[in-house]
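This report goes through the accessibility of selected residues, the cysteines, the annotated segment and the surface in turn.

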Amino acid sequence: TSLSLCLCVLVVIAVVVLVLILLLAVILRYMYKHKGTYHTNEAKGTEFAETADAALRGDPALKDAMDESKKEYFI
């Protein structure tokens, strides 16, 4: 009985260690695949615009919303 108890404890410890190693592998894989990635909602192709107005004028999503006579600036 002492031997079977010792064997059960060793099996439980081995299973816990195996689960921790697998969890660590999954976390490291996730961190490696998502390293340095982030998503922005900035308009595409506006990084070379000279001013903010020029960048917004070139955004196709804002073409209908732009009115050149009324400009607002938020600081």
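## Cysteines

In this predicted model, Cys 6 has a relative accessibility of 42% and therefore counts as partly exposed. Cys 8 falls into that category too, because its relative accessibility is 49%.

No disulfide is present, since a search of the whole structure finds 0 of them. Cys 6 takes part in none, and the nearest cysteine sulfur to it, that of Cys 8, lies 9.4 Å away. Seen from Cys 8, the closest cysteine sulfur is the one in Cys 6, and because the 9.4 Å between them is too far for a bond, with a disulfide requiring the two sulfur atoms to be within 2.5 Å, the pair is not joined.

## Annotated segment and helix

An unreviewed UniProt entry lists residues 7–32 as "transmembrane region", an annotation that may be inferred rather than shown by experiment. In the model, the chain over residues 7–32 is 100% helix and 0% strand, and the C-alpha atoms at the two ends of this stretch are 37 Å apart.

Helix H1 comprises residues 2–33, and Val 16 has its place in this helix.

## Nonpolar surface patch

A nonpolar patch on the surface is formed by Val 12, Val 16, Leu 20, Leu 23, Leu 24, Ile 27, Leu 28, Tyr 30 and Met 31, which together have about 900 Å² of accessible area. One of these residues, Val 16, has a relative accessibility of 45% and so counts as partly exposed; that value satisfies the requirement of over 30% relative accessible area for patch residues.

Note on methods:
Residues numbered from 1 in each chain as written. Predicted model: local features only at pLDDT ≥ 70, side-chain atom pairs only at ≥ 80, totals over all residues. Heavy atoms only, no water. Helix = DSSP H or I, 4+ residues; strand = E, 2+ residues; numbered from the N terminus. Buried < 20%, exposed > 50% of the residue type's maximum accessible area, 1.4 Å probe, protein only. Patch = residues over 30% accessible without salt bridge, like charges linked within 9 Å, V, L, I, M, F, W, Y side chains within 5 Å. Areas by Shrake-Rupley, 256 points an atom, 1.4 Å probe, with all protein chains shown as cover. Salt bridge = Lys/Arg side-chain N within 4 Å of Asp/Glu carboxyl O.
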